[in-house]
Amino acid sequence: MLALALLLGTFAAIPTGVQSIGVCYGVNGNNLPSASQVVQLYQANNIGLMRIYFPDANALNALSGTNIGLIMDVANTDLDSIASSPSAAATWVQNNIQAFPGVNFRYIAVGNEVSGSDTNSILPAMQNIHNSLAGAGLGHIKVSTAVQSDVTQGFPPSQGTFSQGYMGPIAQYLQSTGAPLLANIYPYFAYIDNPSQIDINYALFTSQGTVVQDGSNAYQNLFDALVDTMYSALENAGAGSVEIVVSESGWPSAGGTAATTGNAQTYNQNLINHVGQGTPKRPGAIETYIFEMFNENQKPGAATEQHFGLFNPNQSPAYPINF
């Protein structure tokens, strides 16, 4: 462990008392370290928050007793059964949360970037999981869902509204339970979708001055603009007290347009440095999870999907980052 800590000395501790940066842990690779090694890597780098995308028993066992704060997803494929059956929700909670009393569960993400007709299952599944947790005496674990930026529309950020009708009731339910909205915020994808109108410096936090003036709010980076568009949408849905947790954000180091090690390092380092101060609309630390811990060689989708990792599978840093 000492040698590992020295090897990864570029990863410094999160400031005491500020637990705002986590890292997502995906397992779509055939060359990744064991879950216990992964948890040791989090600890060696003082990464105090993790997100996993399904109830991974190996990860849960390795996390037990560590106090690493956890977001755990209900897999999209399970939404329908849990939405339609309170007993299925109770069984899910019993098998995946109550069975691991040593794990520091923070949030349950009921679905990740759900689309199509499956969106009809999000809210009833959230309600059933919430009720099951409350019935088990675990009401402190908040229940939410993880959405991407395309559930909103409007520019500038103060004009943000939800573009998807299912989001209003979800937002109001989150307000009623005191849970945050989990939002996957990616300036990278906004940039590559519209490079003629979005300057890469605005996406990388490297603009030298204000790029968008929105009333009294000045935006120097796209991350803040995307988060505040989401906040405006919550306000317009009658759920202005709901906080946002950034459940994913990152930049790929290879595999596509603007996907370079330099850009990935610049974005993630600037993200870490920035989120402690919040956005123009909502000052204050933003709990944020970097996507992701490892480059995953079996991740489906575009080639960039395999190159979001902060670490290589051999546990060496993909590039230096100072937490």
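Is N46 buried, exposed or partly exposed? Select N46 in this predicted model. N46 sits in the loop that connects α2 (35-44) to β2 (49-52). With a relative accessible area of 41%, N46 is partly exposed, because that value falls between the 20% and 50% limits. Its backbone deserves a check as well: N46 is not a glycine, yet its phi is positive, about 55°. Most residues other than glycine have a negative phi.

**A second positive phi**

Go next to A258, in the loop between β11 (244-249) and α11. A258 is also not a glycine, and its phi is positive, near 60°. A258 has a relative accessible area of 18% and is buried, because the limit for burial is under 20%.

**Two cis peptide bonds**

Select F155 and P156. The peptide bond between F155 and P156 is cis, with omega at about 0°. P156 belongs to the loop between β6 and β7. Then select F291 and E292, where a cis peptide bond has an omega of about 10°. E292 is in the segment after β12. Most peptide bonds are trans.

**K299**

Stay in the segment after β12 (288-290) and pick K299. Is K299 buried or exposed? Its relative accessibility is 15%, so K299 counts as buried. Show the side chains of K299 and E305: a polar contact of 3.0 Å joins them. Setting aside neighbours within four places in sequence, the residues in contact with K299 are N28, F291, E305 and Q306. F291 is also the residue joined to E292 by the cis bond.

**The largest pocket**

Now display the largest pocket, whose volume is about 850 Å³. Its lining comprises 38 residues, and S149, N184, Y186, F189 and A190 are those nearest the centre. Three elements supply two or more residues each to this lining: β6 (152-153), α8 (187-193) and α10 (222-236). Which of the elements gives the most? It is α10, with 4 residues. Colour the lining by class to see 18 nonpolar, 12 polar and 8 charged residues.

**The nonpolar cores**

Keep α10 selected and turn to the largest nonpolar core, which has 95 residues. The members that touch the most others are I97, F105, I108, I129, F162 and F223. Here too α10 gives the most, with 9 residues. A separate core of 13 residues lies apart from the largest one, and includes I71, A146, Y186 and F291. Two of these names have come up already: Y186 is among the residues nearest the centre of the largest pocket, and F291 is in contact with K299.

Return to the largest core and centre on F162. Which residues does F162 touch, beyond those up to four places away in sequence? They are V151, T152, Q153, M167, A171, L181, M230, A233, L234 and A237.

**Helix α7**

M167 and A171 lead to the next selection, helix α7 (residues 167-177), where both are buried. The other buried residues of α7 are G168, I170, Y173, L174 and T177. Show what surrounds them: the buried residues of α7 pack against α6 (122-135), β5 (142-148), β7 (161-162), β8 (181-184) and α10. At the end of the helix select G178, which follows α7 and has a positive phi, near 75°.

**Q164 and Q277**

On the other side of α7 in sequence, pick Q164, in the loop between β7 and α7. Q164 has a relative accessible area of 32% and is partly exposed. Leaving out residues up to four places away in sequence, Q164 touches D150 and V151; V151 is also touched by F162. Put a distance between the C-alpha atoms of Q164 and A203: they are 39 residues apart along the chain and separated by 25 Å.

The last stop is Q277, in the loop between α11 (261-274) and β12. Is Q277 buried or exposed? Q277 is exposed, at 52% relative accessible area. Outside the residues up to four places away in sequence, Q277 touches P283 and G284. Add a C-alpha to C-alpha distance from Q277 to G160: the two are 21 Å apart in space and 117 residues apart in sequence.

How values were computed:
Residues numbered from 1 in each chain as written. Predicted model: local features only at pLDDT ≥ 70, side-chain atom pairs only at ≥ 80, totals over all residues. Heavy atoms only, no water. 1 Å grid on protein atoms, 1.4 Å probe; cavity = no way out; pocket = protein on both sides within 12 Å on 5 of 7 lines; lining within 4 Å. Points joined across faces, edges and corners; volume = space filled by probe spheres on them. Nonpolar A, V, L, I, M, F, W, Y, C, P; charged D, E, K, R; others polar. Buried < 20%, exposed > 50% of the residue type's maximum accessible area, 1.4 Å probe, protein only. Contact = heavy atoms within 4.5 Å. Polar contact = N/O pair within 3.5 Å; in protein donor to acceptor, adjacent residues only side chain to side chain. Core = buried A, V, L, I, M, F, W, Y, C linked by side-chain atoms within 4.5 Å.
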